[in-house]
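Thanks for coming. I will take a few minutes on one structure, so please have the viewer open.

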Amino acid sequence: MLLIHCPYCEQDLPELEFAYAGEAHIARPADPSKLTDEEWRDFLFIRTNPRGVHFERWRHINGCARFFNAARETVSDRFLLTYKAGEPRPDVAKLTGVAQ
Amino acid sequence: MNAMSPLAAGVTITELAPTVRIALRLADISTAPGLALPVKVGERSAEGGRTVLCLGPDEWLIEAPEAGRDALFAALGAISVPHSAVEVSDREITLELEGPAVLTLLASGCPRDLARMPTGSGARTVFDSAQVVVTREAEDRFHLTIWRSFAPHVRAILDLATRELAAGL
């Protein structure tokens with residue numbers, strides 16, 4: 001079973017305790033009514049869907065119940081790093097050792 | 001596990017008497033000095049029959065005997081900052097699992113590695129998709145606190161696994 005490190009519990013815990021919650025670092029527009037339909041569509045639906053390192057939100061729903069962020073390699077399904085919600089996006093090159 | 005006779009390998013399951021349970025959400029533990037809230041997720045404090053388990057960074061499960069209800073409510077009433085203290089006594093039932101094979105029994109439904117859980121601590125986790133709170137009372141004794149409506153499901157799996165253990169499977 002995949003083990004995920006929860007930054008709040010500070011333990012590696014089974015995947016079954018966690019729920020995926022979409023891409024991370026998508027800020028809600030400060031003034032939504034000023035957006036065009038296209039910009040609103042992009043905010044709601046358009047995601048990066050990368051082949052490689054993906055920054056995503058997870059929730060430790062059957063545990064401490066906190067949302068946190070993770071950097072996951074989508075090809076190998078390896079978790080490179082998890083970090084608390086609100087912390088800045090880490091540098092991909094540092095995580096993988098490869099400049100992107 | 002060593003070679004054990006089926007009876008020695010057994011686990012007894014007991015449903016415990018009702019207790020007072022409070023789900024407490026609070027931002028800063030220094031604002032509730034009367035409750036001895038543990039800081040780290042999974043830690044549990046015990047004081048005068050009352051136990052407080054830290055479920056999350058700002059969430060605690062307090063269990064107290066019926067006789068301690070008034071003292072507990074007084075301590076909660078003394079918190080002067082915004083918080084949430086919800087009585088959930090009737091929401092859950094607690095099963096006590098005890099015996100040398102208790103870890104094997106719990107592994108029938110719980111994905112967490114409970115062998116690594118120190119005695120006196122606890123955690124919220126899943127048992128065959130039902131959310132449960134597991135606490136380790138002693139080396140071979142666990143408490144499983146289950147939402148009432150999921151209890152028949154969890155109990156059925158535990159009973160089946162107990163029979164399998166007794167049969168040496």
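I will go through chain A, then the domains and core of chain B, and then the place where the two chains touch. One thing before that: this is a predicted model.

Chain A, then. It has 2 helices and 6 strands. Going along the sequence, the order is β-β-β-α-β-β-β-α. Measured out along the principal axes, the box around the C-alpha atoms of chain A is roughly 45 × 35 × 20 Å. Of the 100 residues in chain A, 21% are buried. If you take the contacts in chain A with a separation of 6 or more, 51% of them are between residues 24 or more positions apart.

Two backbone angles in chain A deserve a look. Most residues other than glycine have a negative phi. Glu10(A) has a positive one, near 55°. Where is Glu10(A) found? It sits in the loop between strand S1 (3-6) and strand S2 (11-14) of chain A. Glu10(A) is exposed, because there are 10 other C-beta atoms within 10 Å and the cut-off for exposed is 12 or fewer.

The second is Asn49(A), with phi near 45°, again a positive value in a residue other than glycine. Asn49(A) belongs to the loop between helix H1 (37-45) and strand S4 (53-59) of chain A. Buried or exposed? For Asn49(A) the count is 8 C-beta neighbours inside 10 Å, so Asn49(A) is exposed.

Now chain B. It is split into domain 1, which is 12-16 + 91-166, and domain 2, which is 20-87. The C-alpha centres of these two domains of chain B are 23 Å apart. In the contact between them, domain 1 of chain B supplies 8 residues and domain 2 of chain B supplies 7 residues.

Which strands build the domain 1 side of that contact? In chain B, strand S8 (122-127) and strand S9 (130-138) each give at least two residues to the side of domain 1 that touches domain 2. The largest share comes from S8(B), with 3 residues. Sorted by class, this side of domain 1 of chain B has 4 polar, 2 nonpolar and 2 charged residues.

Next, the core. In soluble globular proteins, nonpolar side chains tend to be buried together. Here the largest nonpolar core has 50 residues. Which residues have the most contacts inside it? They are Trp60(B), Ile62(B), Val102(B) and Leu105(B). This core lies between domain 1 and domain 2 of chain B, because both domains give residues to it.

Take Leu105(B) as an example. Leaving out residues up to four places away in sequence, Leu105(B) touches Val11(B), Leu97(B), Leu158(B), Ala161(B), Thr162(B) and Leu165(B).

Last, the contact between the chains. How many residues take part on each side? There are 13 residues of chain B in contact with 12 residues of chain A. On the chain B side, strand S4 (50-56) and S8 of chain B are the elements that give two or more residues. S8(B) gives the most, with 4 residues. By class, the side of chain B that touches chain A divides into 6 nonpolar, 4 polar and 3 charged residues.

So S8(B) has come up twice: it gives the largest share to the side of domain 1 that touches domain 2 in chain B, and it gives the most to the side of chain B that touches chain A. That is what I had; over to the group.

Technical notes: Residues are numbered from 1 along each chain as its sequence is written. Chains are lettered from A and ligands numbered from 1 in the order in which they are written. This is a predicted model: local features need pLDDT of at least 70, side-chain atom pairs count only at pLDDT 80 or more; totals for chains, interfaces and linings use all residues. Domain bounds come from an automatic or database domain assignment. Two residues are in contact if their C-beta atoms, placed from the backbone, lie within 7 Å. Ala, Val, Leu, Ile, Met, Phe, Trp, Tyr, Cys and Pro count as nonpolar, Asp, Glu, Lys and Arg as charged, and the others, Gly among them, as polar. A residue is buried if 20 or more other C-beta atoms lie within 10 Å of its own, exposed if 12 or fewer, and partly exposed in between; C-beta atoms are placed from the backbone. A nonpolar core is a set of buried Ala, Val, Leu, Ile, Met, Phe, Trp, Tyr and Cys residues joined through C-beta atoms within 7 Å.
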